[in-house]
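Good morning, and thank you for joining this group meeting. Please look at the sequence and the structure before I begin.

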Amino acid sequence: MEVETTALAEHVLLTLDARSLAACEGVSTEWKSKVAAGHLWRKIIEQKVRSDEMWKGLSEKKNWKKFLMCSRELSAQIISECMGLNYTLLKGTVEMTMQQHAFYRRLYPKIVADIRTIDTNWRTGTYTLKRINCRSENSKGVYCLQYDDDKIVSGLRDNTIKVWDRQTLECRKTLTGHTGSVLCLQYDEQVIISGSSDATVRFDDETLLVKFIPFLVK
């Protein structure tokens with residue numbers, strides 16, 4: 001019965017906004033303990049990351065996604081390392097739970113502040129606009145792209161994929177193989193996959209240098 005009551009309390013608390021949750025947390029030590037034991041600040045952040053593209057993008061850019069979408073044990077290890085704590089000694093203790101709680105409790109307003117800064121900069125024009133000239137003799141358009149902190153990968157109308165340096169904006173590599181415009185692409189640490197109007201999907205390994213292996217889309 002106590003387990004069901006605790007689960008119900010957590011469910012109700014998760015329906016609150018951040019300000020209301022913070023107010024509930026301040027009611028008493030017992031309420032704060034329930035918020036901490038339920039890892040509710042972490043869950044609220046994860047909900048935002050799943051449902052809001054701005055939160056998702058910041059989680060990747062700021063690299064705090066590593067604290068999310070993982071087991072409590074793993075997050076405790078990562079947080080302990082970042083905070084200089086001895087995880088072996090704290091593992092499974094109330095103190096470790098409270099340290100995790102404090103970490104996510106501090107992280108939430110930092111994220112909100114970052115989002116407000118981005119929004120303000122965008123509205124007031126406080127940013128530097130940089131352009132990459134992708135135009136070639138045969139191309140007048142970019143149909144798709146993906147990027148990270150290191151590079152920008154673009155799919156072009158001239159049937160090529162170009163990899164640009166994120167800092168210098170210079171073209172690192174040009175990948176050929178498609179006979180039609182590159183309409184979509186996706187990459188990770190090991191492979192880049194692209195789809196084209198030539199009705200093929202092509203794969204390339206992480207070096208971005210090996211020849212494409214064509215797969216006909218039927």
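**Strand 3 and its surroundings**

In strand 3, I161, V163 and D165 point one way while K162 and W164 point the other way, and all are buried; buried means under 20% relative accessible area, exposed over 50%, and partly exposed in between, with a 1.4 Å probe and protein chains only. In a regular strand, side chains alternate between the two faces of the sheet. Because five of the five residues of strand 3 are buried, this strand is largely enclosed by the rest of the structure.

A word on the source: this is a predicted model, in which local features need pLDDT of at least 70 and side-chain atom pairs count only at pLDDT 80 or more, whereas totals for chains, interfaces and linings use all residues. Residues are numbered from 1 along each chain as its sequence is written, and side-chain values use heavy atoms, with hydrogens and water left out.

Strand 3 covers residues 161-165 and pairs with strand 4 in the antiparallel sense over four bridges; two strands pair if DSSP finds at least two bridges between them. V163 has K173 in strand 4 as its bridge partner. Five residues lie between strand 3 and strand 4 in their hairpin, and L169 in the turn has a positive phi of about 65°.

Which strand pairs with strand 3 over five bridges? That is strand 2, residues 151-156, again in the antiparallel sense. Here G155 stands opposite I161. The hairpin of strand 2 and strand 3 has four residues between the strands, and N159 takes a positive phi near 80°.

These strands belong to an open sheet of four strands, with the order 1-2-3-4 and antiparallel pairing. Strand 1 (142-147) and strand 4 (171-175) are the edge strands, each pairing on one side only.

I turn now to the helices. The protein chain has eight helices and eight strands; these are DSSP runs numbered from the N terminus, helices being H or I of at least four residues and strands E of at least two. Helix 4 (residues 40-51) packs against helix 5 (residues 53-61) at an angle of about 110°, with the axes 5 Å apart. Helix 4 is therefore roughly perpendicular to helix 5, a term for angles of 65 to 115 degrees. I45, K48, V49 and S51 of helix 4 meet E53, W55, K56 and S59 of helix 5, where contact means heavy atoms within 4.5 Å.

Finally, buried residues make up 36% of the 218 residues in the protein chain.

Conventions. Axes are lines fitted to C-alpha atoms, for helices over the stretch in contact, and angles run from 0 to 180 degrees between N-to-C directions. Angles under 35 degrees count as roughly parallel, over 145 as roughly antiparallel, 65 to 115 as roughly perpendicular and the rest as oblique.
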